[in-house]
Amino acid sequence: MAAGKSVKKAGAARSAAEVELPGLDEARAALSPALSRDLERPRSLLYAMQERPPQLLHLEGGDVSSRVALALWWAALLNCEGDERPCLECPSCLRMGARMHPDLFLLDGRLSSIKIDEVRALRPILGEHPRFGRRRVVVLAEAQALGIEAANSLLKVLEDPCPDTCFVFTAPQRERLLPTLVSRGWVITLPWPQPGGPLPEELRLWDQALARFAVEGRGWFDLAQLRNGLDAAKAQQVVLVGRKALADRLAGREGGALSSVFRPLPEAWLLELDELFSESEDALQAQVNPLLALDDMACGVHGIVRRASRKS
């Protein structure tokens, strides 16, 4: 019933949001990644912008959860009814956190590409005044998932001023977006995650399995329980396991099992690994089956490691 989850369901979500108030725990849980100490500087920049917010804001860097949470925090800041904004307690803040606010629209590229029909559905809505708050906020989560047609359609939308409407794009790097979209907005860069930190517990099994498969060519397909129901968002995290191992190897840090496999590889093979991980990310954004994309990545890592060992 969340208004932000689908523009197509906006009407039903608006009706629900007018009569139902989400719980404090639910709303704060969604916004909690935006409240970390690491994001103090981005939050201070947003505070300074709140009276004259840009029509388009880009949030890059950080990780997926912090980017999207900060976008919702920005929406809460612009519409908060409390004395200290955002109070995270008033009805507006709670609804923003739970993605149930009538003036919040979320086009979510975390699981699939953002289609042109979703962008077109925004046009009649943008001609209206905000229904509940001061500002309507349109969040494109992981906007690098915009298809070419959808991106061009969005450019046309941005050509015309949209009173009381703010757009927020989240993306790993601005370079993943059309330059014409980037040039139309303000960019705030979140602190990049510390690559030297430990992997979360749920990703260590993937690191160990990929390391074993890279060397022995077996063990990867034994992760039946973890592979069951794997979606694109989780698959992206597995690709990041490979990227972190590569970053640790290049920085000479003590990493996990996969980083140890990469340690003896010459630089030329590391470049091949970097290209392989980029191709895997692109495949997931193009909605390739997540299991097939990861299996292809694992086979690619195994092939590179095997060829490198033969050359040494």
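Student: Two strands pair if DSSP finds at least two bridges between them. How many bridges join β2 to β3?

Tutor: Five, and the two strands run parallel. β3 covers residues 136-141, and β2 covers residues 104-108. Helices (H or I, at least four residues) and strands (E, at least two) are DSSP runs, numbered from the N terminus. This is a predicted model, where local features need pLDDT of at least 70 and side-chain atom pairs count only at pLDDT 80 or more, while totals for chains, interfaces and linings use all residues. Residues are numbered from 1 along each chain as its sequence is written, and side-chain values use heavy atoms, with hydrogens and water left out.

Student: What stands opposite D108?

Tutor: A141, in β3.

Student: Is β2 mostly covered or mostly open?

Tutor: Mostly covered: four of its five residues are buried. Buried means under 20% relative accessible area, exposed over 50%, and partly exposed in between (1.4 Å probe, protein chains only).

Student: New topic. How many disulfides are there?

Tutor: Zero, after a search of the whole structure. A disulfide here is a pair of cysteine sulfur atoms within 2.5 Å.

Student: Why is there no bond between C87 and C80?

Tutor: Because their sulfurs are 3.6 Å apart, too far for a bond. The sulfur of C80 is the closest cysteine sulfur to that of C87.

Student: Is C87 buried or exposed? And C166?

Tutor: C87 is partly exposed, at 22% relative accessible area. C166 is buried, at 1%.

Student: On to α10. What is its span?

Tutor: Helix α10 holds residues 201-216, 16 in number, and reaches 23 Å from first C-alpha to last. That is close to the expected 22 Å. The expected span is 1.5 Å times one less than the number of residues.

Student: Which residues of α10 are buried?

Tutor: Among them are W206, D207, L210 and F213. After the helix comes G217, with a positive phi near 75 degrees.

Student: What does F213 pair with?

Tutor: The structure holds three aromatic pairs. In one of them, F213 and F221 sit edge-to-face, 5.9 Å centre to centre, with 90 degrees between the planes. Rings of Phe, Tyr and Trp (its six-membered ring) pair if their centres lie within 6.5 Å; planes under 30 degrees apart are stacked, over 60 edge-to-face, and the rest tilted. F213 is buried at 5% relative accessibility, whereas F221 is partly exposed at 45%.

Student: Last one. Where is D248, and what does its side chain contact?

Tutor: D248 lies in helix α12, residues 232-251. Its side chain makes a polar contact of 2.7 Å with that of K244. A polar contact is a pair of N or O atoms within 3.5 Å; within protein, one must be able to donate a hydrogen and the other to accept it, and residues adjacent in sequence count only if both atoms are side-chain atoms. D248 is buried, at 1% relative accessible area.
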